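Biologist: Please put the model on screen. I have some questions about its contacts.

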Number of protein chains: 2
Amino acid sequence: MISSSSQIVKTKLSTRKRLINATARLFAQHGYNGLTMRSVALEANANLAAANYHFGSKDALVLEMLRERIQPINARRIELLDEAKARNGKTAPSAREIFHSLIFPIGEEIARSSKSRWSLAQLVARTFTEPVSFIERMHQRFFSQIAKLYHQELSLAYPHAPPKEIHWHLHLAVSSMLGSLAQHRRLGDFTEGECNEEEVNEMIDRLIRFVTHGFVKGVNASS
Amino acid sequence: MISSSSQIVKTKLSTRKRLINATARLFAQHGYNGLTMRSVALEANANLAAANYHFGSKDALVLEMLRERIQPINARRIELLDEAKARNGKTAPSAREIFHSLIFPIGEEIARSSKSRWSLAQLVARTFTEPVSFIERMHQRFFSQIAKLYHQELSLAYPHAPPKEIHWHLHLAVSSMLGSLAQHRRLGDFTEGECNEEEVNEMIDRLIRFVTHGFVKGVNASS
DNA sequence: CAGCAATTAAAACGCTTGTTTGAAAAAATA
DNA sequence: TATTTTTTCAAACAAGCGTTTTAATTGCTG
């Protein structure tokens, strides 16, 4: 855990890595259209042509950045889900465990990225809301399999619930997760700064509870 | 309800109105940066210079459009909230009633806008997620008072709950609402087309129930 | 109908965008 | 060290952007 940081201090990151990092920060902050090749180059201390040299185009740069940031989250989700299944043996995991495996990995990644903690939250959220067609396509590719997996798992946990109800409530749960990630920066609107210093884990924990409650009560009421 | 449509058929809309409508559609679909004055002019069957003539600038055009679409929703929210309070006399309205007044007006407006039903849902959601500073400022101006009002009302309904918990759960509820509105178009990701034809009211109703469950259980557990 | 104001129209203006170019520098290989 | 490959750099390109300008057209009012 600690050993890696000593390397980072000495070793200057490769241009490629700096470009990816800059792209992630600026995409999270300003979205696809608000992100320019020049701003990326400036933020990454690189030449304007560097990004096109390393990635070919703006689209390819953003796509690669998204791949690098989202893939590990999805991998961790499946890992946690499998752990929960193993832990429960033949009985299905609880909704709480399932949603934990869905949401918790985001918190882990947020906590890992020390600089501008909430940048990753916005990045993940933006993946869903960016009105650019090629991002929508990529997102569908990355996420539709995960969604199918969770639907299947929730169906096993709630075999009495109609599939349609599972669909709807999973949709609501995912929407809540994304909405929260996207909106967290705006907590000040309601609290006037009171909650701003809250820690990542608290918010993730609350989110898991909230979503679980909404799902369980909703699905149970439908049967 | 029906009488107004007969006028619309005959009367050609003013250039100003057509520009606003086109702006709403394109903003919902492509966001602020993806919306160009030329695309607005084309969609509205107007000249490129018309928008600048009528509104002064792109920012002013978008701002005016947002004002016209969001103001009535907020007005209706307060109206429904007041009705609920009057209905309950001295006792506070239930969380269900409060969230109904918050969410239902969006459904009403969506149902009213016959053309491309979900455009307004996306528009409202985009108001929250657009990474353009002047939109953020406007949004804060429009919504912070509403947020304060609802926080106050929920505090009365749950006097035993710590204010901080009210804050958090209201935030989660609003985030869920916005996430759902933004994501509804993507229901196909999970359902492969099964839920796409669902009616507006069903989604609104599910959303209200989901949010209420999450809020009530969460706030009660905290005390 | 005349005259004036409001609106529409076409063209152009600077500016920023993503991308390309060709040469210089650095790194790797032998 | 010599040579070949990879990477960096400054400059320029065409295209698209919001906005402005100037003239033509429309609609209203006296």
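What follows is a short exchange on chain symmetry, the protein interface and the two DNA strands.

Modeller: Ground rules: this is a predicted model, where local features need pLDDT of at least 70, side-chain atom pairs count only at pLDDT 80 or more, and totals for chains, interfaces and linings use all residues. Residues are numbered from 1 along each chain as its sequence is written, chains are lettered from A and ligands numbered from 1 in the order in which they are written, and side-chain values use heavy atoms, with hydrogens and water left out.

Biologist: What rotation superposes chain B on chain A?

Modeller: The fit is by least squares on the C-alpha atoms of residues with pLDDT of at least 70 in both copies. The RMSD is 0.1 Å, and the shift along the axis is 0.0 Å. The rotation is 180°. That is the relation of a two-fold axis.

Biologist: Why do the copies meet through the same surface?

Modeller: Contact here means heavy atoms within 4.5 Å. The contact takes 55 residues from chain B and 55 residues from chain A. The copies meet through the same surface because the share of interface residues of chain B that are also interface residues in chain A is 100%.

Biologist: How much area do chain B and chain A bury between them?

Modeller: Buried area is the accessible area (1.4 Å probe) that two parts lose on being put together, summed over both. Carbon and sulfur atoms carry 61% of it. The total is about 5,000 Å².

Biologist: How many salt bridges cross the interface of chain B and chain A?

Modeller: The rule asks for a side-chain nitrogen of Lys or Arg within 4 Å of a carboxyl oxygen of Asp or Glu. A:Lys164 and B:Glu202 form a salt bridge, with their closest N and O atoms 3.7 Å apart. Across the interface the count is 4.

Biologist: Which element gives the most to the side of chain B that touches chain A?

Modeller: Helices are DSSP runs (H or I, at least four residues), numbered from the N terminus. Among those giving two or more residues are helix H2 (15-34), helix H8 (133-157) and helix H11 (200-222) of chain B. The top contributor, with 16 residues, is H9(B).

Biologist: Now the DNA. Which base atom of DNA strand D lies 2.9 Å from a polar side-chain atom of B:Arg38?

Modeller: Near means a heavy atom within 4 Å, and a polar contact is a pair of N or O atoms within 3.5 Å; within protein, one must be able to donate a hydrogen and the other to accept it, and residues adjacent in sequence count only if both atoms are side-chain atoms. B:Arg38 is one of the residues that come nearest to DNA strand D. On the backbone of that strand, a polar side-chain atom of A:Tyr53 lies 2.8 Å from a phosphate oxygen. The partner of B:Arg38 is a base nitrogen.

Biologist: Which atom of DNA strand C lies 2.9 Å from a backbone N or O atom of A:Met37?

Modeller: A:Met37 and A:Arg38 are among the residues nearest to DNA strand C. A polar side-chain atom of A:Arg38 lies 2.8 Å from a base nitrogen of that strand. For the A:Met37 backbone, the partner is a phosphate oxygen.

Biologist: What share of the atoms of DNA strand C within 4 Å of the protein belongs to sugar or phosphate?

Modeller: Bases make up the rest of those atoms. For DNA strand D, sugar and phosphate account for 48%. For DNA strand C, the value is 49%.
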